[in-house]
Amino acid sequence: MILVGELLDLPPGESVRVHGDVAIAVFNVDGELYAIDDTCSHQDASLSDGWLEGCAVECPLHAACFDLRTGMPSGPPAKKPVRTHAVTVEDGMVYVHESTRVGSTVAEEVG
């Protein structure tokens, strides 16, 4: 489990980058928290620096969009998904539970 910080420090429409095995981007979409690998699968760019559009983030480098719920790209130039990670809030603190593979969740890996 990776400590992200206080929920109050991540207002709706914002993102933050944290470090696990790789960098992870955590997004607040209207009160729902999502976490994906921070590096675009097309080219080395930080998705936490991208533009949030609903439940998608647009890469700042070549405009590839990724669904924050699934990690899937919506089309070129990205072809490969990024990992998604479970996010929990406990006592006002945000935590990321890092998954080990693309398309999996912590619950699937543990169960």
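Partly exposed, the term used for Arg17 below, describes a relative accessible area between the buried limit of under 20% and the exposed limit of over 50%. With that in hand, here are some close-up views of this predicted model.

**View 1. Arg17 meets Asp38 in a salt bridge.** Start with one of the four salt bridges in the structure. The closest N and O atoms of Arg17 and Asp38 are 2.8 Å apart. This pair links distant parts of the chain, with the two positions 21 residues apart in numbering: Arg17 belongs to strand β2 (residues 15-19), while Asp38 sits in the loop between β4 (32-37) and β5 (51-53). Look at how the two partners are placed. Arg17 is partly exposed because its relative accessible area is 41%, whereas Asp38, at 0% relative accessibility, counts as buried.

**View 2. Arg83 pairs with Asp37.** Here the closest N and O atoms are 3.0 Å apart. Arg83 lies in the loop between β7 (65-67) and β8 (84-90) and Asp37 in strand β4, so this salt bridge ties together parts of the chain that are 46 residues apart in sequence. Both ends count as buried: Arg83 has 9% relative accessibility and Asp37 has 13%.

**View 3. Arg83 also reaches Glu98.** Stay with Arg83 and you will find another salt bridge, to Glu98, with the closest N and O atoms 3.1 Å apart. Glu98 is in the loop between β9 (93-97) and α1 (106-110), 15 residues from Arg83, and the pair again links distant parts of the chain. Glu98 is partly exposed, because its relative accessible area is 21% and the buried class stops under 20%. Through shared partners, Asp37, Arg83 and Glu98 are joined into one salt-bridge network.

**View 4. The largest nonpolar core holds 16 residues.** Among the residues with the most contacts inside this core are Phe27, Ile36, Val57 and Leu68. Strands β3 (23-29) and β4 each supply at least two of the core residues. The top contributor is β3, with three residues.

**View 5. Cys40 and its neighbours.** Cys40 is another of the residues with the most contacts inside the largest core. Leaving aside residues up to four places away in sequence, Cys40 touches Ala45, Leu47, Cys59, Ala64 and Phe66. Two of these neighbours, Leu47 and Phe66, are likewise listed with the most contacts inside the core.

**View 6. A second nonpolar core stands separately.** This core has 10 residues, including Leu10, Ala35, Val94 and Val96.

Terms used. Residues are numbered from 1 along each chain as its sequence is written. This is a predicted model: local features need pLDDT of at least 70, side-chain atom pairs count only at pLDDT 80 or more; totals for chains, interfaces and linings use all residues. Side-chain values use heavy atoms; hydrogens and water are left out. A salt bridge is a side-chain nitrogen of Lys or Arg within 4 Å of a carboxyl oxygen of Asp or Glu. Helices (H or I, at least four residues) and strands (E, at least two) are DSSP runs, numbered from the N terminus. Buried means under 20% relative accessible area, exposed over 50%, partly exposed in between (1.4 Å probe, protein chains only). A nonpolar core is a set of buried Ala, Val, Leu, Ile, Met, Phe, Trp, Tyr and Cys residues joined through side-chain atoms within 4.5 Å. Contact means heavy atoms within 4.5 Å.
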